[in-house]
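User: I am new to reading protein structures. Can you take me through this one in short steps?

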Amino acid sequence: MKKYLPLIVLAFLAVLPLVGLSSYMLHMVILVIMWSAVGMAWNLLAGYCGQVSFGHAAYFGVGAYTSGILYYQLKLSPWWGIPISIVVVTGFSFLLGLIVLRLRGPFFALATLAMGEMMRVSAENLNWLTGGNIGILIQERTWIDKTYYYYIILAIATATFLVVKYLMQSKIGYYFVAIREDQDAAESLGIDTTWYKTIALCISGALTGIAGAFYTNYMGYIDPHVVFALHDISIVTIMIVMVGGVATLLGPFVGAIIMVFLAELVRSIPGLGVAHQTFFGILLILIIIFLPNGIVGDFQKIKRLFKVGGAYK
Amino acid sequence: MESFLQTLIAGLLLGGLYALIGIGMTLIMGVMKIINLAHGELMMVGMYIAFWMFTLFGIDPYLSVFIASPILFFLGIFIQKFLINPVLKVDSILPENQVILTVGIGMVLANLATIFFKSDYRATPVSYATSAWYLSDYWENAPIDLSLSVPWTVSFVIAVAITIALWFFLSKTDSGKSIRATAQDLDSALLMGVNVKLMRVVTFGLGSALVGAAGCLFIPIYYLFPSMGGQFTLIAFVITILGGLGSTNGAIFGGLILGIFESMTATYVGMGWAPVGRFLIFVAALIFLPGGMASLLKKKRIGK
């Protein structure tokens, strides 16, 4: 059963639009799937390889802007952004990795955070390339119907899931976990830690970049404050994985469902809507204190809590 | 030449204030070994205290230092005791949980400020906000004319005074020495009978109080809005890296360097690029000077 859970989820998602969801619900589900793709990419770097990045907005934004600039400057279809962003973001991640992977733990986290902010400021100021604060508007939408977008992001998320899954079953995956558990020990066993960390960063960055390129196509408008946002992209990505489950395959998906719908729910309550970040913050604090490995990661803990008759049997 | 000197002065004044923000973070980092990502938000809280004190009671922002710092001190103690300490004991896959926790705290603080105080930009209209001292007033036929803004200078002087007071506290008093001992070697400090747990709590409070004071000093010269914290958290972190982790002396130099560099970028490259200058110097420090200024100071034997 457990083995087939991802397949069941995929099958369920594949037939979901046939039920006839409203356009709004479909939009929510698209966001859930997009965020779970980003979450899975972050999870590869942070959850499995132990390099907690606070700047995934950098990759997301570079992916989104690759697509946007292709359209804005070269008048190409923004859909080209999806394949091209793989190359661009991988190169970008590699260069970034040369700098930030020298650092460990919390320092890596903050260096990536600074990089994300740096990219945002650059995008704001490079008017000739990015259009600055005005942003880029994709004037022709490919489809009005959201179902097409839904299947595209579902394919992207499935691909992301498979990449992460097979990578983690391979030798490289074990190297990643070894680096997370003890970098010095891993090094002493002959693992070239810098090289494998760079691989993790590049793959994670590229997968995030694809989601970013999709975002440009789907939303039709990007500006530096949206795609390089610290709180709305980088921190939300972290929260999704923290809530769902660090270093689990399905965790990001669970986290994305909770976060997207919770955000929408809180925002829709009149009077409380402005406080949605407070809710997120408190949720994050509670999760870290009580379920440090997330809902999927600490599922046994939750199960024990609701067990009837003899918790310690 | 004139604009260069003027930029240098502006950078120096800014750097003194930056140093105060950076010292708070570097203290916490040295003792706790965690990065406090809510640092800028704590500063925002300090600024709002100063703002409301001025608006409601007409208390000068500089006097608010004595009000905001104690409040922030207890807020810091509360955060450390009831939020961070429990997490230190929890076992989890990612050791960065504490850092993510401080992000959560920062989010809550920033959002609460938005709810209670609206997201308007605010400023305190102090009477001396635009006054300045001019070199030509004191020296009849000076070859170049330089100006010194009054609020900037006063803020700088107070920041220096606080820094000196902190230096005396850390190097002369018993509690200060205990804090430094905890930062240098936790286990040995524990064996020497230092109450490490208490020192951690006190340090977090002290760091918060410092940044609260910095907030009060910033308010006459800067505007205020709820989401300003993130920017200052980054500044504090860049200073910490630039200065060397956990080194207070380094943080002072780091703050000055950053202040000067930032105002140079703003003058000679463009206002919008100043934040990029900040990160460039950060990256350069990581590559060329990974130990920060502290390692240079050590070489010259003037560091602790």
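User: Which residues of chain B does Phe54(A) touch, leaving out residues up to four places away in sequence?

Analyst: This is a predicted model. Within chain A, Phe54(A) touches residues including Ala109(A), Leu113(A), Leu230(A) and Ile238(A). From chain B, the residues touched are Leu37(B), Val99(B), Ile100(B) and Val103(B).

User: How many residues has the largest nonpolar core, and which helix gives the most to this core?

Analyst: The largest nonpolar core has 191 residues. Those with the most contacts inside this core are Trp35(A), Phe54(A) and Phe218(B). With 17 residues, the helix that gives the most is α2 of chain A, residues 23-48.

User: Is α2(A) parallel or oblique to α13(A)?

Analyst: Helix α13 of chain A spans residues 251-268. Its axis lies 8 Å from that of α2(A), and the angle is about 135°. Angles over 145 degrees would count as roughly antiparallel, and 65 to 115 as roughly perpendicular. The angle fits neither range, so α2(A) is oblique to α13(A).

User: How do the residues of the contact of α2(A) with α13(A) divide?

Analyst: α2(A) brings residues including Met28(A), Trp35(A) and Asn43(A). α13(A) brings Phe253(A), Val260(A) and Glu264(A), among others. The contact residues divide into 13 nonpolar, three polar and one charged.

User: Is Ala285(B) buried or exposed?

Analyst: Ala285(B) sits in helix α12 of chain B, residues 274-288. Its relative accessible area is 7%. Buried means under 20%. Therefore Ala285(B) is buried.

Key
Residues are numbered from 1 along each chain as its sequence is written. Chains are lettered from A and ligands numbered from 1 in the order in which they are written. This is a predicted model: local features need pLDDT of at least 70, side-chain atom pairs count only at pLDDT 80 or more; totals for chains, interfaces and linings use all residues. Side-chain values use heavy atoms; hydrogens and water are left out. A nonpolar core is a set of buried Ala, Val, Leu, Ile, Met, Phe, Trp, Tyr and Cys residues joined through side-chain atoms within 4.5 Å. Buried means under 20% relative accessible area, exposed over 50%, partly exposed in between (1.4 Å probe, protein chains only). Helices (H or I, at least four residues) and strands (E, at least two) are DSSP runs, numbered from the N terminus. Contact means heavy atoms within 4.5 Å. Axes are lines fitted to C-alpha atoms, for helices over the stretch in contact, and angles run from 0 to 180 degrees between N-to-C directions. Angles under 35 degrees count as roughly parallel, over 145 as roughly antiparallel, 65 to 115 as roughly perpendicular and the rest as oblique. Ala, Val, Leu, Ile, Met, Phe, Trp, Tyr, Cys and Pro count as nonpolar, Asp, Glu, Lys and Arg as charged, and the others, Gly among them, as polar.
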